[in-house]
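Welcome, and please load the model in your viewer. We will go from stop to stop, with something to select at each one.

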Amino acid sequence: MSNTSQDMPPAGEPVLSLRGICKQFGAVSALTDIDLDVHAGEVVALVGDNGAGKSTLVKVLAGVHQATTGTMTFRGQPVTLAGPNDALALGIATVFQDLALCENLDVVANIFLGKEMQPYALDEVSMEIRAWTLLNELSARIPSVRVPIASLSGGQRQTVAIARSLLLEPKLIMLDEPTAALGVAQTAEVLNLIERVRDRGLGVIMISHNMEDVRAVADRIVVLRLGRNNGIFYPDTSNQELVSAITGAADNAVSRRSGRRQAAQHNVTGEARA
């Protein structure tokens, strides 16, 4: 990637700030008064139950939906996204869960799909060099940029999708369930990849239902519940607190299990002292 240190915002600088974002579909309020901050070089995990509003919020940030009310600030400037092209031009890239890869095309063709160099007389050499550069900067384990996507593992496909999103040198990248349906080794590969993207100074929003993956890479955990903010947490937060915030119920299987474990430890300690 040709980003220089001057191109990227300083680490810790707010890249994105949302205030009072609401999204209504007719009489249905999908999002209500959402506040969110993402800083350069930070991974923010967006978690919540099904129907919490995570996907709607990502689509608002990607320009797919337009917020009904509220303000969005990107790198200190108020912005309005009329469509996905506005988000891309601004520096917001999104990797959706389905990845939108063409399995019959090779890695280079997928990375440059719709953004080909000299589209009327393809510059295959320059595209291949650029693809290798992107993948090498991500320490990707891709055997060849000329193999079809169909021959790659789930983790390798996610890598290609992320490399494609970095082609336009964004300042913020959103990942929708990046480790869904991946094995242990592939999940570790993708989590390492997310850390490398963060280390490049990008802001990262990661949607995930897997709390262990969230803890592994997130700097902050933002919980949505029923379309509203329901707390900001950190990787050392207990599962009990997170599940309570996500479900809105303090009494659940996790809290009961935690209570039983604490009671057992207390009994063992009491017996040892006796």
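Before we start, a word on names: helices (H or I, at least four residues) and strands (E, at least two) are DSSP runs, numbered from the N terminus. With that in hand, select Glu177, which sits in the loop between E7 and H6. Keep in mind throughout that you are looking at a predicted model.

**Two loop residues with positive phi**

Stay on Glu177 and check its backbone: phi is near 50°, a positive value in a residue other than glycine. Most residues other than glycine have a negative phi. Is Glu177 buried or exposed? Glu177 counts as buried because its relative accessibility is 11%, and the cut-off for buried is under 20%.

Now select Glu169, in the loop between helix H5 (154-165) and strand E7 (172-176). Glu169 is also not a glycine, and its phi is positive, near 55°.

**The whole chain**

Zoom out and colour by secondary structure. The chain holds nine helices and ten strands. Of its 274 residues, 46% are buried. Next, show the surface: about 13200 Å² is exposed, and carbon and sulfur atoms supply 51% of that area. If you draw a contact map, take the contacts between residues at least 6 apart in sequence; 64% of them join residues at least 24 apart.

**The nonpolar cores**

Select Val107, Ile111, Ile162, Ile173 and Ile194. These are the residues with the most contacts inside the largest nonpolar core, which has 47 residues. Which helix gives this core its largest share? That is helix H6 (residues 184-199), with five residues.

Centre on Ile111 and show what surrounds it. Beyond its neighbours within four places in sequence, Ile111 touches Ala131, Leu134, Leu135, Val160, Ala163, Arg164 and Leu167. Another core lies apart from the largest one; it has 29 residues, and Val15, Leu57, Val60 and Val222 are among them.

**Helix H8 and its cover**

Move on to helix H8 (residues 239-247) and show side chains for Leu242, Ser244, Ala245 and Ile246, the buried residues of this helix. What covers them? The cover includes strand E3 (43-47), helix H7 (211-217), strand E9 (220-225) and strand E10 (228-233). Step past the end of H8 and you reach Gly248, with a positive phi near 80°.

**Strand E2 and the residues around it**

Select Thr32 in strand E2 (residues 28-39). Thr32 counts as buried, because its relative accessibility of 16% falls under 20%. Setting aside neighbours within four places in sequence, the contacts of Thr32 are Ile21, Cys22, Gly227 and Arg228.

From there, click on Cys22, one of those contacts. Cys22 is buried, at 14% relative accessible area. Compare Cys102, which counts as partly exposed at 27%. How many disulfides are found in the whole structure? The search finds zero.

**Last stop: a ring and a charge**

Finally, select Lys23 and Phe25 together. Lys23 lies over the face of Phe25, 5.0 Å from the ring centre. You can leave the aromatic pair display off, since a search of the whole structure finds zero aromatic pairs.

Methods
Residues numbered from 1 in each chain as written. Predicted model: local features only at pLDDT ≥ 70, side-chain atom pairs only at ≥ 80, totals over all residues. Heavy atoms only, no water. Disulfide = S-S within 2.5 Å. Buried < 20%, exposed > 50% of the residue type's maximum accessible area, 1.4 Å probe, protein only. Contact = heavy atoms within 4.5 Å. Areas by Shrake-Rupley, 256 points an atom, 1.4 Å probe, with all protein chains shown as cover. Phe/Tyr/Trp six-rings, centres within 6.5 Å; stacked < 30°, edge-to-face > 60°. Lys NZ or Arg CZ within 6 Å of the ring centre and 35° of its normal. Core = buried A, V, L, I, M, F, W, Y, C linked by side-chain atoms within 4.5 Å.
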